[in-house]
Amino acid sequence: MKILVCITHVPDTTSKIQFTADNTKFDSTGVQYIIGPYDDYALARAVELRDQASGKLTVLNVGEADSDPTLRKALAIGADEAIRVNSAPKDSYFVAQQIAHYAKEGAYDLILMGRESIDFNGGMVHGMVGELLGIPSFSPVMKLDVDGSSVKMAREIEGGKEMLEASLPLIAGCQEPIAEWKIPNMRGIMSARTKPLTVVEPVSQDTQAEASKYELPPAKGAVKLVDKDNVAELVRLLKNEAKVL
Amino acid sequence: MSILVYIEQAEGKVKKTSLEAVSFANALAGQTGEGDVVAVALGTIGAEELAAIGKAGAAKVLHGADSKLDAGVIQAHASAVAQAFNQIGAKTLVLAKSSLGDAVAARLAIKLNAGLVSNVVELPKTDGAYIVKRSIYTGKAFAETTVTTENKILAVKKNAIDLKLDGADAQVENFDVALDDADFASKITSTERATGDVLLPEADIVVSGGRGLKGPENWGMVEEMAKILGAATACSKPVSDLGWRPHHEHVGQTGVKVAPTLYIAIGISGAIQHLAGVNSSKCIVVINKDPDAPFFKAADYGIVGDAFEVVPKLNEAFKAEL
């Protein structure tokens with residue numbers, strides 16, 4: 001089985017979000033970059049499936065050279081090879097086109113990625129790639145088992161989940177608890193240095209919905225504390241001041 | 001010309017977030033002159049329920065009544081909505097952001113060659129360039145996105161607009177959906193859904209518990225508060241990781257993102273990953289015995305005190321007042 005896992009290179013979840021250049025650029029000063037947490041779940045499950053089926057696991061990122069350490073980390077976690085499409089990820093459509101092209105070229109049976117990136121949170125790329133390739137797409141997938149060419153999945157829905165059956169090839173946007181995150185061990189880190197990381201050029205420059213300007217939410221006012229022996233006061237405030245009851 | 005709205009249903013009942021999408025589309029049509037709002041609803045839904053979509057601002061409802069569409073099979077729903085879009089000659093599709101809505105919208109973006117913006121938080125600017133404001137970095141910032149395609153899809157975040165239900169009943173039309181086997185290549189074999197409860201992503205009030213509650217056996221008072229307020233229950237990540245509560249109740253960076261009118265956090269310290277899931281709430285109340293809990297910095301109201309002491313008293317106070 002050939003598995004492709006698409007990963008994002010994103011600011012750590014604890015990063016302070018700030019912008020520069022008149023609010024047109026993300027300020028990466030002091031920001032630590034990681035594999036997107038949802039992508040990390042997808043990668044962990046892919047490593048397990050690759051080991052079960054003795055297949056091959058490729059990771060792909062659409063990003064500039066600063067993504068390379070993130071791809072190396074994915075190799076250390078267990079991917080066999082990495083591809084970087086050499087361009088900033090301009091919008092979901094742009095990224096989906098690159099993935100669809102290289103996924104077709106590599107004839108993968110299973111394509112996994114996170115349910116969404118944690119920077120732009122669109123959660124759209126897997127569905128777009130599915131439509132571009134004419135294969136089924138599923139998200140958010142919290143369980144995925146492969147038996148031959150048949151796939152059983154659980155997809156989260158509002159207030160519960162649905163169980164699904166489908167056949168390879170397919171694409172899934174993943175989330176917990178599909179697998180436990182894997183931490184690279186020393187052997188993985190050493191071997192990652194020599195695994196292939198191929199840089200390829202984007203196949204198209206088309207975009208449809210690019211972000212042009214950013215802003216931060218207005219600062220929150222100070223909390224109003226209510227005495228624990230006077231909880232009725234809180235109810236009154238919620239009703240009469242905040243008007244939320 | 002009309003704006004199309006994709007309606008989601010669960011067991012024959014139209015989702016409130018879909019009605020919000022109709023109100024959003026109605027306001028958008030008023031702004032752009034795109035005519036009226038047509039809703040497309042799929043699967044088994046009663047005639048009254050369909051007509052009532054008009055109250056939120058739809059002039060017409062196209063009903064694809066095929067019971068094969070009752071379940072949210074992603075490809076089939078995407079094909080059906082694309083047919084409706086082309087049939088009415090729409091240029092804009094509006095839908096509520098949700099588990100199914102996102103999955104369907106992404107495929108439609110390609111089918112319809114439409115620029116897609118998700119997590120839309122307010123009506124776009126449409127004089128000149130088409131600029132849509134969306135939430136990014138899990139609610140920690142906003143981006144203005146310029147859509148350059150003629151066709152457009154907007155996936156609207158909860159509370160992006162006030163739901164107005166002052167319209168007349170909509171005219172309901174039968175809509176013949178042409179579906180092939182490929183649309184049903186995947187099968188939904190079973191669905192597990194918490195029944196009778198308020199669904200978390202759609203709730204106006206959310207009552208959430210953290211590790212401070214010490215164990216799943218202590219959730220009775222949380223559930224009681226939710227019942228009094230007509231709220232959904234939620235929890236922090238450690239709580240769902242420990243198996244005290246189901247995963248679909250986990251609110252935070254890697255869980256459900258909520259945007260209720262009122263979020264009440266009990267025994268949750270407020271790690272940055274939890275705040276990412278709740279920072280779109282209109283009003284946040286924090287109950288925690290640690291006065292230095294970081295959640296108080298993000299809260300509108302707070303009580304410093306032991307949950308086991310405060311919550312039962314607060315439940316009595318809610319009952320007395322409501």
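B:Gly270 is buried in this predicted model. The assignment holds because 21 other C-beta atoms lie within 10 Å of B:Gly270, where 20 or more are required. The residue sits in a loop of chain B, between strand 15 (262-266) and helix 7 (272-278). Residues up to four places away in sequence aside, B:Gly270 touches B:Leu275. Its other contacts under that condition are B:Ala293, B:Pro294, B:Phe295 and B:Ala298.

B:Gly270 also carries an annotation. An unreviewed UniProt entry lists B:Gly270 under "binding site". The listing includes B:Gly267, B:Ile268, B:Ser269, B:Ala271, B:Ile272, B:Gln273 and B:His274. B:Arg211 and B:Asn288 are listed as well. These assignments come from the record, and such annotations may be inferred rather than shown by experiment.

B:Gln273, another listed position, lies in helix 7 of chain B. B:Gln273 counts as partly exposed because 18 C-beta neighbours fall inside 10 Å, and the buried class begins at 20. Its contacts reach into chain A, at A:Thr13. Within chain B, B:Gln273 touches B:Lys237, B:Gly252 and B:Gln253, again leaving out residues up to four places away in sequence.

The contact between B:Gln273 and A:Thr13 leads to the interface of the two chains. There, 73 residues of chain B are in contact with 65 residues of chain A. On the chain B side, helix 4 (residues 99-111) gives the most, with 10 residues. By class, that side has 35 nonpolar residues. A further 23 are polar and 15 are charged.

Strand pairing also links the chains. Strand 11 (residues 160-167) of chain A runs antiparallel to strand 12 (residues 187-193) of chain B. The two strands are joined by 6 bridges. In this pairing, A:Glu165 stands opposite B:Lys187, a residue of strand 12 of chain B.

Chain A itself has 6 helices and 15 strands. Its C-alpha trace spans about 65 × 45 × 40 Å along the principal axes. Chain A comprises 245 residues, of which 51% count as buried. Contacts between residues at least 6 apart in sequence were also examined by separation. Of these contacts in chain A, 71% join residues at least 24 apart.

Terms used:
Residues numbered from 1 in each chain as written. Chains lettered and ligands numbered in written order. Predicted model: local features only at pLDDT ≥ 70, side-chain atom pairs only at ≥ 80, totals over all residues. Helix = DSSP H or I, 4+ residues; strand = E, 2+ residues; numbered from the N terminus. Buried ≥ 20, exposed ≤ 12 C-beta atoms within 10 Å, placed from the backbone. Contact = placed C-beta atoms within 7 Å. Nonpolar A, V, L, I, M, F, W, Y, C, P; charged D, E, K, R; others polar. Pairing = 2+ DSSP bridges.
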